[in-house]
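Biologist: Before I plan any reading of this fold, could we go through it together, question by question?

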Amino acid sequence: MAHPIAAIATGLVRSGIGILRMSGDGCIDLANRVFALYNGQALSSLPDRKLARGTLFDAQNRPIDEAMVFVSHVPHSYTGEDTVEFQCHGSPAVLTAGLSALLSNGFHQAGPGEFTKRAFLNGQMDLTQAEAVIDLIDAETADAAANAAGQVAGVLRKQLDPIYDSLMDICSHFHAVLDYPDEDIEPFRLQAYADTLNSASKKLDMLLSSCRRGNFIKNGVQTAILGAPNAGKSSLLNALAGFDRVIVTDIPGTTRDAVEQTVTLGRHLLRLLDTAGIRDTSDTVEHLGVERSFQAAQSCQLAFFVVDGSKPLTREDEAAMDAALQAPDAIAILNKQDLPCVIDPCELPFSYVIPVSCAKQAGLDLLEQALDMVFDDEAPCDGSILTNARQADAIAKSRASIEAARSSLRLGMTPDAVLVDVEAAMEALGEATGRVVREDITNRIFERFCVGK
Ligand SMILES: Nc1nc2c(ncn2[C@@H]2O[C@H](COP(=O)(O)OP(=O)(O)O)[C@@H](O)[C@H]2O)c(=O)[nH]1
Ligand SMILES: [Mg+2]
């Protein structure tokens, strides 16, 4: 039994179309109380997933919209329950009135993610697919969207389920041999078990090795902009942001605190941190800012070292350069190319030195190309990149148990010792896909969703 729920699926913003979504027992007949098809028939007469037109009524039975409707029956629906959708005109007034008509006709307001949670609980999708739904909605770049779309379609599920099944084969054979010693069952096939574990471990390793990229795709690359005062760091942030996010002046020491801004450059999502210019200063606030610049250099994943190309390198430039070179990846940005350049790019010990003019917004395409090379990865964003920390933890746990089982096998331990580890590996994989997952964890996952999804 699933009580009928309803929600505005498209949010309360003025837009071309707004969708009211319903799911649960009896929802087609309940929806029929507030909607009249043009052909005079009941909504229950509609063929599965065929659009029809009609009139939507409010709680006082006044017509409030001319809308489209479709019904979707078990098992073809998203939730695995009977569902109805009204495609209304996207006025917040229409949607609010439509929703309250539904709520006064027997529907309950849906909680965050309740439609997707029902889909998961009804077996329409596993947890990797359900979690990818929110990733798809939250995607900030095309790569992030493409990877999440692949996972919604089941790419991870199709990789993890066969591994789970192969471990299950080991377990069931083990149990058969242990539990029925008198039967004529083929004895332990230790080499075959070792092969299965080996291949499972390799596949999980592949997935885990995609986590770094997954983190960049989903959360962005932590990028510190470092350089001497007046090099043009804040101008670079503004040029990449496309608006004046930070104050730019010709007074050295203008930026004294670290300023964050998320930008996309081509397919890259960067969490930029503009920092105070690195120099010796007696100003207390600026001094604290400079300390933060050094901290940013140490905690970032990528550093942009900005230098004014129209002046010879100074000691301050060199101090900032040393800090930038500590980052896992670093790109030098030779700024102010609109002025005569006096710095030879070869003087700068970076793999990439990009000439730009932040003032003229020139050269940013070259920076994008450099990022393409720094974050070059053959693997397509088709869903096989792990972006979810919860899944990654569970997969790492599974892999650790598989390793334990492999070494037990190598050391010639008793079969039940191996079995314990294989079962633990299965359980951890089950956490990733949601086969075995605690209710409080499931609740927490779906609370992050928006209402109506
Ligand atoms: N000519 C020229 N001036 C620039 C360029 N980028 C920044 N500036 C100027 O350099 C000064 C310092 O810029 P700012 O972005 O505040 O540098 P920061 O101290 O490194 O943040 C300002 O007067 C900017 O207008 C550029 O590409 N060309
Ligand atoms: Mg600045």
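Modeller: Let us begin with a single side chain, keeping in mind that this is a predicted model. F35 has a relative accessible area of 4%, and because buried means under 20%, F35 counts as buried.

Biologist: With which residue does F35 form an aromatic pair?

Modeller: The pair is a stacked one, with 4.7 Å from centre to centre and 15° between the planes. F35 belongs to strand β3 and its partner to strand β6, so the pair ties together parts that are 51 residues apart in sequence. The partner is itself buried, with a relative accessible area of 0%, and it is F86.

Biologist: How are the planes of F305 and F350 arranged, stacked or edge-to-face?

Modeller: F305 lies in strand β11 and F350 in the loop between β12 and β13, so this pair joins parts that are 45 residues apart in sequence. Both residues are buried. Their ring centres are 5.5 Å apart and their planes stand at 5°, which is under the limit of 30 degrees, so the arrangement is stacked.

Biologist: Which strands are the edge strands of the open sheet?

Modeller: The sheet has 6 strands in the order β9-β10-β8-β11-β12-β13, with mixed pairing. An edge strand pairs on one side only, and that description fits β9 (259-265) and β13 (353-355).

Biologist: In what sense do β8 and β11 pair?

Modeller: Strand β8 covers residues 221-227 and strand β11 covers residues 302-308. One of the bridges links G227 with V306 of β11. Over 5 bridges, the sense of the pairing is parallel.

Biologist: Which helix gives the most residues to the largest nonpolar core?

Modeller: This core has 28 residues, and those with the most contacts inside it are L236, L240, F304, I331 and L367. At least two core residues come from each of β8, α9, β9, β10, β11, β12 and α12. The helix that gives the most, with 5 residues, is α12.

Biologist: At about what angle does helix α12 run to β12?

Modeller: Helix α12 (residues 364-374) lies across β9, β10, β11, β12 and β13. Its direction relative to β12 is at about 165°.

Biologist: How many residues of α4 are buried?

Modeller: Helix α4 (residues 127-138) has 12 residues and reaches 17 Å from its first C-alpha to its last, close to the 16 Å expected. Among its buried residues are L127, A130, V133 and I134. The helix is mostly covered, and its number of buried residues is 9.

Conventions: Residues are numbered from 1 along each chain as its sequence is written. Chains are lettered from A and ligands numbered from 1 in the order in which they are written. This is a predicted model: local features need pLDDT of at least 70, side-chain atom pairs count only at pLDDT 80 or more; totals for chains, interfaces and linings use all residues. Side-chain values use heavy atoms; hydrogens and water are left out. Helices (H or I, at least four residues) and strands (E, at least two) are DSSP runs, numbered from the N terminus. The expected span of a helix is 1.5 Å times one less than its number of residues. Buried means under 20% relative accessible area, exposed over 50%, partly exposed in between (1.4 Å probe, protein chains only). Two strands pair if DSSP finds at least two bridges between them. Contact means heavy atoms within 4.5 Å. Axes are lines fitted to C-alpha atoms, for helices over the stretch in contact, and angles run from 0 to 180 degrees between N-to-C directions. A nonpolar core is a set of buried Ala, Val, Leu, Ile, Met, Phe, Trp, Tyr and Cys residues joined through side-chain atoms within 4.5 Å. Rings of Phe, Tyr and Trp (its six-membered ring) pair if their centres lie within 6.5 Å; planes under 30 degrees apart count as stacked, over 60 as edge-to-face and the rest as tilted.
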